[in-house]
Amino acid sequence: MWRALLTVVILAVAAGIVGLFISFRELEFVSDGLVHAVFPGLVVGAAVGGTAGLLPGAMIAAVLAGILFTVIDYRGGTGTDSAIAVVLAGLFSLGIVLVSKQEGYVSQLQELLFGRLLTVTDMQLGQIVIVAILALGVLLVTWRAQLFRAFDPAGFAAAGFRPLATDIVLSVAVALLVVAGVQALGVLMVIALLTVPMAVARLITRRFALLIPLAILTPLFAGAFGLWLSFEWSVGAGVTVSPGAVVVLLLVAVYAVAALVRLAGSVRGRARIDAGGDAR
């Protein structure tokens with residue numbers, strides 16, 4: 001349990017920072033593509049080196065896919081989204097084909113897709129820490145350039161910066177964070193960690209300084225409460241549930257509450273404006 005909680009803390013901090021640029025650059029779809037692209041790397045890594053091969057295989061696949069998606073997006077055109085969709089579908093299907101060639105592939109497939117948050121080993125925790133630090137390090141080195149690129153793309157290019165290089169650095173950071181989270185949360189769950197917390201933060205506040213703290217606190221709450229809730233259900237009620245899935249459901253629930261509160265505030269604001277107009 002303590003390793004699972006520590007894993008959530010590490011991923012929450014890293015995702016809160018990297019998620020800022022995913023949200024402001026509207027890279028949710030590309031991030032989803034990276035998550036799917038990691039899958040064949042995980043399968044090949046597990047086939048070649050067992051558990052120890054998961055990380056190297058995933059890192060190679062993620063970095064290559066991040067560069068590929070960035071180049072496709074940089075070229076632009078009406079077929080950009082289609083090209084990314086074709087690539088991610090092909091890579092994910094390749095992973096399914098590769099894992100189906102192994103014995104006991106159903107259990108392996110379930111573990112890769114949904115993760116095993118409660119069975120994170122000391123070695124995997126160390127790997128998650130190292131990869132998360134690498135992701136943040138890559139991003140922080142280019143922090144000012146990333147902010148400039150996110151808020152003023154035209155000015156960024158006019159100032160003589162290289163957009164493609166900056167975008168590749170961001171894609172590599174996102175890819176590394178995907179690799180850090182996929183062992184614990186699985187391929188299908190890690191995308192929520194990358195996108196939902198910052199979406200919640202942007203619903204709650206308009207102050208830039210509060211976005212990252214709120215995006216970190218949201219998965220911390222969902223992670224701690226989700227682990228406790230899954231433990232209580234398993235021990236107290238005898239119901240076996242996936243802790244990673246519970247954490248993701250809580251993240252989505254927090255987003256839904258924040259969206260409803262934001263909507264209610266907008267409705268009240270419009271009602272006051274209308275009332276003021278009628279009074280005049």
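This passage describes the fold of a predicted model, its helix packing and the surroundings of three buried residues.

The structure is a predicted model, in which local features need pLDDT of at least 70, side-chain atom pairs count only at pLDDT 80 or more, and totals for chains, interfaces and linings use all residues. Residues are numbered from 1 along each chain as its sequence is written, and side-chain values use heavy atoms, with hydrogens and water left out.

The chain contains 12 helices and zero strands, where helices (H or I, at least four residues) and strands (E, at least two) are DSSP runs numbered from the N terminus. Of the 280 residues in the chain, 46% are buried, a term that stands for under 20% relative accessible area, with exposed meaning over 50% and partly exposed lying in between (1.4 Å probe, protein chains only). Contacts (heavy atoms within 4.5 Å) between residues at least 6 apart in sequence join residues at least 24 apart in 75% of cases. The accessible surface of the chain, obtained by the Shrake-Rupley method with a 1.4 Å probe, comes to about 13,700 Å², and 68% of this surface belongs to carbon and sulfur atoms.

An unreviewed UniProt entry places the feature "transmembrane region" at residues 43–71, 83–100, 125–143, 208–229 and 241–263; such annotations may be inferred rather than shown by experiment. In the model, residues 83–100 are 100% helix and 0% strand, with the end C-alpha atoms 26 Å apart, while residues 125–143 are 95% helix and 0% strand, with the end C-alpha atoms 26 Å apart.

Two packings that involve helix 9 (residues 163–185) were examined. Two packed helices are described by the angle between their axes and the distance between the axes; here axes are lines fitted to C-alpha atoms, for helices over the stretch in contact, and angles run from 0 to 180 degrees between N-to-C directions. Helix 6 (residues 122–141) and helix 9 have axes that come within 8 Å and cross at roughly 165 degrees, and helix 6 is therefore roughly antiparallel to helix 9, as angles over 145 degrees count as roughly antiparallel, those under 35 as roughly parallel, those from 65 to 115 as roughly perpendicular and the rest as oblique. The contact includes Gln-124, Ile-128, Val-131 and Ala-135 of helix 6 and, among others, Leu-170, Ala-173, Leu-177 and Gln-183 of helix 9. Helix 2 packs against helix 9 at an angle of about 55 degrees, with the axes 10 Å apart, so that the two helices are oblique to each other. In this second packing, Ser-31, Leu-34, Val-35, Val-38 and Leu-42 of helix 2 meet Ser-171, Val-174, Ala-175, Val-178 and Val-182 of helix 9.

Arg-25 lies in the loop between helix 1 (2–24) and helix 2 (28–49) and counts as buried because its relative accessibility is 17%. Leaving aside residues up to four places away in sequence, Arg-25 touches Gln-146, Arg-149, Ala-150, Asp-167 and Leu-170. Thr-166, which lies in helix 9, is buried with a relative accessible area of 9%, and under the exclusion of residues up to four places away in sequence it touches Ala-145, Gln-146, Arg-149 and Phe-156. Gln-146 and Arg-149 are thus contacts of both Arg-25 and Thr-166.

Ala-192, located in helix 10 (residues 190–204), is buried at 8% relative accessibility. Beyond residues up to four places away in sequence, Ala-192 touches Pro-197, Val-248 and Leu-251. Ala-192 and Val-247 are 55 residues apart in sequence, and their C-alpha atoms are 9.6 Å apart in space.
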